[in-house]
Amino acid sequence: MKKIFLIASVILYTQFAVAQLKTTTACPIFKVDVLEGKLNDDLSAKSTMGEIKTFFPCYSEIAETDAGKKCAGIFYKDKGIDFYTERDYIEITQNFKGKLSLPLMGAGRNTLFKWLGYPKIKDAAWDAFQTKYGTLILYYNKANKIIKLQLSSKSTDTIKLCE
């Protein structure tokens with residue numbers, strides 16, 4: 001009986017010994033300076049995957065290379081921000097969990113001139129503004145409210161966006 005008790009104790013003990021505490025990866029708050037094209041004063045649309053992963057380790061998905069419709073980048077779906085590292089742009093959606101230097105998300109199309117001036121390219125659903133870091137593209141819903149931003153290090157002539 002002692003042997004059975006000893007064996008059961010050893011098995012039970014080894015189960016507790018291999019149990020580990022798991023921590024969740026904490027992420028700093030995403031602070032986007034729209035006019036400077038900077039994120040938390042350290043990152044930009046030209047930042048590498050390694051730099052982004054080091055600064056924001058809480059990503060939800062990584063795509064290493066362009067594959068079909070999936071572009072290479074680091075994605076933070078629950079935070080509303082994605083980094084397309086191979087194409088050098090950052091995309092911010094309505095679900096953005098962070099701070100914008102300008103209150104653009106949800107702003108009306110007719111209220112942007114005071115911050116951004118005239119767009120370089122204008123379309124029914126979006127406007128592209130020339131910036132000192134490259135291009136800022138703003139997308140609008142049917143009510144002409146901003147629903148998405150893209151900050152690119154490329155000019156409007158050389159930008160290549162993902163589908």
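This short talk covers one open sheet and two buried residues, Q150 and R109.

The model is a predicted one, in which local features need pLDDT of at least 70 and side-chain atom pairs count only at pLDDT 80 or more, while totals for chains, interfaces and linings use all residues. Residues are numbered from 1 along each chain as its sequence is written, and side-chain values rest on heavy atoms, with hydrogens and water left out.

Let me begin with the sheet. Four strands (DSSP runs of E, at least two residues, numbered from the N terminus) make up an open sheet in the order 3-2-1-8, with mixed pairing, where two strands pair if DSSP finds at least two bridges between them. Strand 3 (43–44) and strand 8 (98–100) are at the edges with a single partner strand each, so one side of each has no neighbour in the sheet. Strand 1 (residues 30–33) and strand 2 (residues 38–39) run antiparallel and are joined by two bridges, and D33 stands opposite K38 in strand 2.

Now to Q150, which lies in strand 12 (residues 146–152) and is buried at a relative accessible area of 2%, buried meaning under 20% with a 1.4 Å probe and protein chains only. Its side chain makes a polar contact with the side chain of E91 at 2.6 Å, that is, a pair of N or O atoms within 3.5 Å, one able to donate a hydrogen and the other to accept it, and residues adjacent in sequence count only if both atoms are side-chain atoms.

Finally, R109, in the loop between strand 8 and helix 3 (113–116), is buried at 14%, and its side chain reaches the backbone oxygen of D123 at 2.5 Å.

Conventions: Buried means under 20% relative accessible area, exposed over 50%, partly exposed in between (1.4 Å probe, protein chains only).
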